[in-house]
Amino acid sequence: MNLALYGFLMVATFMTLIMTKRMTPLVALIVVPTIFALIAGFSTGLGDMMIDGIKNLAPTGVMLLFAILFFSIMTDTGLFDPLVNRLLRIVHGDPMKILIGTVVLCALVSLDGDGSTTYIITIAALLPLYKRFDMNRLYLCCLLMVTSAVMNLTPWGGPTARAASALKLDPAEVFLPLIPGMIAGIAFLIGLAAWFGRKERRRLGHVPTNEPTAFTGMAVSQFPEARRPKLRWINALLTVMLLAGLVLGVLPLSILMMLAFAIAMIINYPQVAEQKERIAAHAGNVLAVVSLIFAAGIFTGILSGTGMVEAMSREVVGVIPPVLGPYMAPITAALSLPFTFFISNDAFYFGMLPILAEAGAHYGIEPMAIARASLMGQPVHMMSPLVPSTYLLVSLAGIDLADHQRFTLIPATLVCVVMTLVGMLVLAFPLVG
């Protein structure tokens, strides 16, 4: 049995187990790749592969750990209460306004190019509204994730930079023709939010909010003793400085989060007992997310270390009939949906994309077109259990990963289709080479 078949079976087994809830993602990420690596005969180098995968994701795990702690503390202090109250006055209990506002707010916040930061900020602002009006939080996660994926196609976002680097192209040139498709994707999401809103209106009606200022957010009801209203402006300044540092890249993201967390603790909770209490209050959420990140490191480490990723890539490209060669651009767009879901962005863009570009070149298709087409699957990619920010999103929203994946798959796929069609119409990449 070749490595490609082992890889496909491993991914299929993993997805089946977590989608049917026969195994938790944490356990499946560890057990499934280990079993398949042993079956494939890689027992001797298995430990090194696992360690390499964990090392690669360690900075992400550290960043998420301290990001959750920092923004949870900011929520505890009441930093986001004025924003929530203002949103309450604007929406007047209308679920449709809340859902459309979810897309708009996420699109603006996502301009920093970091999905984790986007989720933390938008969840902190929006989740109290969804809880207050008893709205379906699957709508929240769906709209946030897909909107973030569309906006993440900016040149400073990860996917575009990877595609450009893999094919030695200018990220700005790759990006500019994608703007019409991104606009169409956001417009589609606003329409989807309106549709969700109509469903929520029928289910909930118009929720009365006679005294919106009486509701002051999630932090009040959970930890009233942790509020620090007198320090709100200092906390706001610290948060703005953190976000500015993220955008400017003054320090690695994980280091910025660690420093911001430490400063926030000293300013708001100078007593050691208070600091321990705040950390303990959010320890469960942190553990749930970070443990999944390191477990995902084992999965990606084995997938890469055994050579399964390369074998899977070559197998897929090899089965494309020559008659379909001139259609390599839309084929690349179609392949980006499942492959960026089942394997990491690094594996797809640095392992599979050069092969697809080489195949397209035989039929006169420019590498630039292949690079743009390869980005069309990002909304589906963001649902992958190999994406760290996905765990952060569902954890903060308090929903199950499998439920989120089942609910979001069709909307995410539709957005991919919309962006692909617009991309072909504006000649970002051709239908036929």
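Where is the place of His 404? His 404 sits in helix α21, and its relative accessible area of 0% makes it buried. The structure is a predicted model. This briefing covers helix α16, residues in and after helix α21, the largest pocket, a bend in helix α14, and three residues with positive phi.

**Helix α16**

- Helix α16 covers residues 328-342, which makes 15 residues.
- Because each residue should add 1.5 Å, the expected span of α16 is 21 Å, and this agrees with the 21 Å between its end C-alpha atoms.
- Ser 336 marks a kink of about 35° in α16. The proline Pro 338 follows shortly after this kink.
- Of the 15 residues in α16, 12 are buried, so by the under 20% cut-off for relative accessible area the helix is mostly covered.
- Among the buried residues of α16 are Met 328, Ile 331, Leu 335, Leu 337, Phe 339 and Phe 341. The buried set also includes Thr 332, Ser 336 and Thr 340.
- The partners against which the buried residues of α16 pack include α1 (3-19), α15 (308-318) and α17 (345-361). They also pack against α18 (367-374), α19 (378-381) and α21 (401-425).

**Residues in helix α21**

- Leaving out residues up to four places away in sequence, His 404 touches Leu 138, Cys 141, Cys 142, Met 145, Thr 390, Leu 393, Val 394 and Ile 399.
- Met 419 is also part of helix α21. Its relative accessibility is 2%, so Met 419 counts as buried.
- With neighbours within four places in sequence set aside, the contacts of Met 419 are Val 150, Leu 153, Gly 181, Met 182, Gly 185, Met 376 and Pro 379.
- Between the C-alpha atoms of Met 419 and Gln 275 there are 47 Å, and the two residues are 144 residues apart along the chain.
- Gly 423 belongs to helix α21 as well. Because its relative accessibility is 4%, Gly 423 counts as buried.
- Apart from residues up to four places away in sequence, Gly 423 touches Ala 428 and Phe 429.
- Gly 423 and Leu 204 have 38 Å between their C-alpha atoms and are 219 residues apart in sequence.

**After helix α21**

- Leu 431 lies in the segment that comes after α21. A relative accessible area of 47% makes Leu 431 partly exposed, because that class runs between the 20% limit for buried and the 50% limit for exposed.
- Beyond its neighbours within four places in sequence, Leu 431 is in contact with Pro 326, Tyr 327, Pro 330 and Met 424. Of these residues, Pro 330 is one of the buried residues of α16.
- From C-alpha to C-alpha, Leu 431 and Thr 420 are 10.0 Å apart, with a separation of 11 residues in sequence.

**The largest pocket**

- The volume of the largest pocket is about 1,100 Å³.
- Its lining is made up of 42 residues, and those closest to the centre of the pocket are Leu 57, Thr 60, Arg 162, Asp 346 and Pro 388.
- Helix α3 (residues 46-77) gives the largest share of this lining, with 8 residues.
- By residue class, the lining of the largest pocket holds 15 nonpolar, 22 polar and 5 charged residues.

**Helix α14 and the residue after it**

- Helix α14 runs over residues 272-305 and bends by about 50° at Ala 283.
- Gly 307, just after α14, has a positive phi of about 85°.

**Positive phi in residues other than glycine**

- Asp 134 has a phi near 55°, which is a positive value in a residue other than glycine.
- The loop that holds Asp 134 joins α6 (115-132) and α7 (137-151). With a relative accessible area of 53%, Asp 134 is exposed.
- Lys 168, again a residue other than glycine, has a positive phi near 55°.
- Lys 168 is placed in the loop between α8 (158-166) and α9 (171-175). Its relative accessible area is 74%, so Lys 168 is exposed.

How values were computed:
Residues numbered from 1 in each chain as written. Predicted model: local features only at pLDDT ≥ 70, side-chain atom pairs only at ≥ 80, totals over all residues. Heavy atoms only, no water. Helix = DSSP H or I, 4+ residues; strand = E, 2+ residues; numbered from the N terminus. Expected span 1.5 Å × (residues − 1). Bend = angle between axes of the 7 residues up to and from the residue. Buried < 20%, exposed > 50% of the residue type's maximum accessible area, 1.4 Å probe, protein only. Contact = heavy atoms within 4.5 Å. 1 Å grid on protein atoms, 1.4 Å probe; cavity = no way out; pocket = protein on both sides within 12 Å on 5 of 7 lines; lining within 4 Å. Points joined across faces, edges and corners; volume = space filled by probe spheres on them. Nonpolar A, V, L, I, M, F, W, Y, C, P; charged D, E, K, R; others polar.
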